[in-house]
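Me: Could you take me through one loop of this protein in detail, along with whatever sits around it? I'd like to know what the backbone and the side chains are doing there.

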Amino acid sequence: MSTLLETSAPSAAEELSGRLFLQTLGAVELLNVYFGVELGLYRSLSYDGPATAAVLAQRTGQDLRYTQEWLAQQAVVGLLTAGPDAEFGLADGVREALVDEVSPFYVGGMAYIAPAIGRALPALVAAFRTGDGVPYPEYGAEAVTAQEALNRPAYETALIEDWLPQIPDIQARLADSTRPARVADLGAGVGWAAIRLAEAFPQVRVDGYDLDEESIARGRRYVADRGVADRVDLAVADITEPLPRDGYDVAFFFECLHDLPHPVAALAAARRAVSPGGSVIVMEERVAETFTAPGDEVERFMAAAGTLWCVPQGRTDAASEVIGPLGIRPAVMRHLAESAGFQTVETLAIDHPFWRFYRLG
């Protein structure tokens with residue numbers, strides 16, 4: 001007689017324990033990626049070639065023992081290859097993902113999210129109890145690095161080549177050299193979108209506004225480095241208040257409306273700042289049209305960003321009406337636009353896995 005061995009399916013608790021272990025593993029591995037990006041270790045291996053621990057430590061000015069430990073960890077993870085004579089090199093795909101900052105696959109900015117949130121964590125815990133907000137500067141310089149690195153590849157590679165051709169009248173207005181267009185980049189951050197617009201359309205003038213002084217200071221350096229300082233002006237300004245200038249042909253909100261304490265006020269300010277016949281273009285999160293739980297990976301990322309990043313930063317005003325990334329659904333976007341006095345809200349046919357695009361008129 002044979003005996004059948006029966007194996008029971010893992011319990012819900014076992015599955016959850018395993019899932020949380022993997023998430024913890026991902027978190028600590030991401031922090032090791034932070035070392036590689038911040039300390040220039042990946043960059044040296046990419047530009048200067050494979051190296052032993054001693055050579056890499058000498059090249060980058062790091063301690064040898066820590067460099068040995070990091071190289072071993074990265075090889076175990078599979079981000080580095082371990083060759084003969086204890087030389088380490090980049091695995092396939094690492095240059096595009098962690099070195100080339102304008103690659104569409106670049107995710108080096110992700111590694112800065114963890115230390116930024118870690119810096120703000122005591123304030124976040126307190127905010128949960130008090131209901132206060134956590135100002136963006138509380139997250140430190142890593143927050144600015146994370147924010148700019150996450151969106152820059154899209155602005156560098158898709159804004160001009162893919163997105164604007166699907167709004168042909170705006171593209172034509174920007175390209176019209178007989179009547180140079182004026183553009184507002186609202187919530188501009190460090191200004192990568194403004195820079196690309198000025199480079200692609202040399203006759204336009206772009207004004208970028210953001211409330212964060214560190215972002216604007218960095219952005220001004222980038223503007224100068226890219227040679228567009230005569231056509232791009234970045235200024236510290238609260239975009240929920242009347243803008244310093246008006247008469248714009250187009251105003252852009254690139255993935256910032258959901259962070260603002262008063263999104264309707266920001267939209268109303270933009271509406272007043274554009275010329276008759278001008279347009280307001282909003283790029284926002286591509287979340288599900290209705291709340292769904294559990295959600296897919298995009299929804300999970302947006303939900304986590306809401307509690308740790310976007311909503312706390314948008315609650316610095318006691319009367320805040322911050323929406324958050326999980327809440328900026330199409331119906332909500334239409335309501336915000338109509339409340340701000342817009343007559344039309346068009347969802348543009350720009351296909352992107354993370355963002356939706358709206359045209360308000």
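Reply: Let's go to E255, which sits in the loop between β6 (248-254) and α12 (263-273); helices (H or I, at least four residues) and strands (E, at least two) are DSSP runs, numbered from the N terminus. Bear in mind that this is a predicted model, where local features need pLDDT of at least 70 and side-chain atom pairs count only at 80 or more, while totals for chains, interfaces and linings use all residues. Numbering starts from 1 along each chain as its sequence is written, and side-chain values use heavy atoms, leaving out hydrogens and water.

The backbone at E255 is worth a look: phi is positive, about 45°, although this residue is not a glycine. E255 counts as buried because its relative accessibility is 14% (buried means under 20% relative accessible area, with a 1.4 Å probe and protein chains only). A86 also has a positive phi, about 60°, without being a glycine, and it belongs to the loop between β1 (80-82) and β2 (88-90). For another backbone oddity, try the loop between β7 (274-285) and α13 (297-314), where P294 is found: a cis peptide bond joins A293 to P294, with omega about -5°.

Now for C256. At 8% relative accessibility this cysteine is buried. Who might it pair with? The closest cysteine sulfur belongs to C310, but the two sulfurs are 11 Å apart, so there's no bond between them. Looking from the other end, C310 has C256 as its closest cysteine by sulfur, again at 11 Å and too far for a bond. C310 is buried as well, with 6% relative accessibility. A search of the whole structure turns up zero disulfides (pairs of cysteine sulfur atoms within 2.5 Å).

Back to β6, which has a part in an internal space. There is one cavity of 30 Å³ or more (on a 1 Å grid over the protein atoms alone, a set of points where a 1.4 Å probe fits but cannot get out). The largest cavity holds about 40 Å³ of space (the volume filled by probe spheres set on the points, which are joined across faces, edges and corners). Its lining is made up of L159, W163, L164, I167, F252, F254, I281 and F357 (lining residues have an atom within 4 Å of a point). Both β6 and α8 (159-163) give at least two residues each to that lining.

Conventions: Buried means under 20% relative accessible area, exposed over 50%, partly exposed in between (1.4 Å probe, protein chains only). On a 1 Å grid over the protein atoms alone, a cavity is a set of points where a 1.4 Å probe fits but cannot get out, and a pocket is an open set with protein on both sides within 12 Å along at least five of seven lines; lining residues have an atom within 4 Å of a point.
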